[in-house]
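User: Please take a close look at how the two helices pack against each other in this structure, and at the side chains involved. A single connected account would be preferred.

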Amino acid sequence: MQELLRTNDLVWLSWLQALLTDSGMASQVLDGHASVLEGSAQAIPRRLMVADEDLVPARALVREAERAAGLVGSADIGGDNG
């Protein structure tokens, strides 16, 4: 699995998971328990992971969704981490 993005925005994260699922790509959120434990400081972002073979199309899908929503640059989308 590869990291697609990091965010503290739970609504955005949930929406992206639904978008990926609708596009036939499985995803998994990591660091959810650590984020809950650290409280409201939001120091630990959740990581949205996708299968290796889905990384490139998933990045394109997220960027297009951000453009459509007017949220370009809202999440930390991985680029050179693998």
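Analyst: The axes of α1 and α3 come within 11 Å and cross at roughly 125°; axes are lines fitted to C-alpha atoms over the stretch in contact, with angles from 0 to 180 degrees between N-to-C directions. The two helices are therefore oblique to each other (neither under 35, over 145, nor 65 to 115 degrees). This is a predicted model, in which local features need pLDDT of at least 70, side-chain atom pairs count only at pLDDT 80 or more, and totals for chains, interfaces and linings use all residues. Residues are numbered from 1 along each chain as its sequence is written, and side-chain values use heavy atoms, with hydrogens and water left out.

On the α1 side, the contact (heavy atoms within 4.5 Å) is made by W12, W15, L16, L19 and L20; α3 contributes A58, L61, V62, A65 and E66.

W12 and W15 lie 3 residues apart in α1, about one turn of the helix. They form the structure's 1 aromatic pair (ring centres within 6.5 Å, using the six-membered ring of Trp). Their ring centres are 5.5 Å apart and the planes stand at 15°, so the pair is stacked (planes under 30 degrees apart; over 60 is edge-to-face and the rest tilted). W12 counts as buried at 8% relative accessibility, whereas W15, at 43%, counts as partly exposed (buried is under 20%, exposed over 50%, partly exposed in between, with a 1.4 Å probe and protein chains only).

The largest nonpolar core (buried nonpolar residues joined through side-chain atoms within 4.5 Å) has 13 residues; L16, L20 and A58 are among those touching the most other members. Both α1 (10–22) and α3 (55–69) supply at least two residues of this core.

Methods. Helix = DSSP H or I, 4+ residues; strand = E, 2+ residues; numbered from the N terminus.
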